[in-house]
Amino acid sequence: MHDPATNRSVDDTQSYFDRHFCTKQEMAELAKVSKAQLDELIVAGTAPRPSYVVTVNSLTSAAFSELSCEGLRDGEYYRRAAATWVERAAKYGPANAETFYGFLKRELGAQLQNANSSILRLSDAFDDTGTPISEGLSSRLNAMVSAYSSSILSICIAEVGESAGIVRKEILQEKLQRLFDKPAINAMKS
């Protein structure tokens, strides 16, 4: 079946989902929690929401909003690698969301510090000696946690199960953006 709105075969899209994502039930099984526990963690914001939700005639993406699409199997689709974070969130439980966020921010903060010295200077988050700048680092971490819980990261990063991969993707994307923002490159684009 062909979807003229996207110029893709619905079978290709379903095949993509089947290869790279799993249903809510499968996510619960991968993370070794019940479906009810997964729902509680999602409501608490400690487990990522689904990356894609398919209903009768639409596909809603955490990153790209709603698209018209017919013929896909209904369901909530999660990146399989996100099971690592669901398992971690389950250890804290839904009542300890702030404690889990503290853990997540420490993980991401340590990786940001590594990225600052190895990939890209993050002058808003670390000074010249590598010491964290509280306001800038906090702003970056809050944005990353928001992208985590909304499941945007699970769309953009195949191996979303590790903090190093999350930070690496974010910082490399920022590095590319900085390159494209340079005047010499903008002049070449004209």
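**Helix packing and aromatic contacts in a predicted model**

Helices α2 and α4 cross in a right-handed manner; a crossing counts as right-handed if the near helix is turned clockwise from the far one by less than a right angle, and as left-handed if anticlockwise. The contact brings together Met27, Leu30 and Ala31 of α2 with Ala83, Val86 and Glu87 of α4, where contact means heavy atoms within 4.5 Å. By class, 5 of the residues in this contact are nonpolar, none is polar and 1 is charged. In this grouping Ala, Val, Leu, Ile, Met, Phe, Trp, Tyr, Cys and Pro are nonpolar, Asp, Glu, Lys and Arg are charged, and the others, Gly among them, are polar. The axes of α2 (residues 24-31) and α4 (residues 83-92) come within 8 Å and cross at roughly 65 degrees. Each axis is a line fitted to C-alpha atoms, for helices over the stretch in contact, with angles running from 0 to 180 degrees between N-to-C directions.

The structure is a predicted model, in which local features need pLDDT of at least 70 and side-chain atom pairs count only at pLDDT 80 or more, while totals for chains, interfaces and linings use all residues. Residues are numbered from 1 along each chain as its sequence is written, and side-chain values use heavy atoms, with hydrogens and water left out.

As a whole, the protein chain has 9 helices and 7 strands, which are DSSP runs numbered from the N terminus (helices: H or I, at least four residues; strands: E, at least two). Of its 190 residues, 41% count as buried. Here buried means under 20% relative accessible area, exposed over 50%, and partly exposed in between, with a 1.4 Å probe and protein chains only. The chain exposes about 10,300 Å², and carbon and sulfur atoms supply 53% of that area; the areas come from the Shrake-Rupley method with a 1.4 Å probe, and for residues only the protein chains shown count as cover. Among contacts between residues at least 6 apart in sequence, 62% join residues at least 24 apart.

Just past α2, Lys32 sits in the loop between α2 and α3 (35-44). Phi of Lys32 is near 60 degrees, a positive value in a residue other than glycine. Lys32 counts as exposed because its relative accessibility is 65%.

Aromatic residues are a good next stop. A pair of aromatic rings is described by the distance of the centres and the angle of the planes. The search of the whole structure finds 13 aromatic pairs, taking rings of Phe, Tyr and Trp (its six-membered ring) with centres within 6.5 Å, and calling planes under 30 degrees apart stacked, over 60 edge-to-face and the rest tilted. The rings of Tyr16 and Phe17 have centres 6.0 Å apart and planes at 50 degrees, so this pair is tilted. Tyr16 is partly exposed at 27% relative accessible area, whereas Phe17 is buried at 2%. Trp85 and Tyr148 form an edge-to-face pair, with 5.9 Å between centres and 70 degrees between planes. This pair links distant parts of the chain, as Trp85 lies in α4 and Tyr148 in α6 (residues 134-149), 63 residues apart. Both Trp85 and Tyr148 are buried.

Trp85 and Tyr148 also belong to one aromatic cluster, together with Tyr92, Phe100, Tyr101 and Phe103. Phe103 lies in α5 (residues 97-118) and counts as buried because its relative accessibility is 17%. Leaving out residues up to four places away in sequence, Phe103 touches Trp85, Arg88 and Tyr92. Arg88, for its part, is placed in α4 and, with the same sequence limit, touches Phe100, Phe103, Gly161 and Glu162. The C-alpha atoms of Phe103 and Arg88 are 9.5 Å apart, with their positions 15 residues apart in sequence counted as separation. Arg88 and Ala31 are 57 residues apart in sequence and 8.7 Å apart in space, C-alpha to C-alpha.

Two further residues complete the tour. Ser58 lies in strand β5 (residues 58-61) and is buried, with a relative accessible area of 9%. Beyond residues up to four places away in sequence, Ser58 touches Val53, Glu66, Leu67 and Cys69. Leu172, in helix α8 (residues 163-181), counts as partly exposed at 33% relative accessibility. From C-alpha to C-alpha, Leu172 and Ile119 are 7.5 Å apart, although 53 residues apart in sequence.
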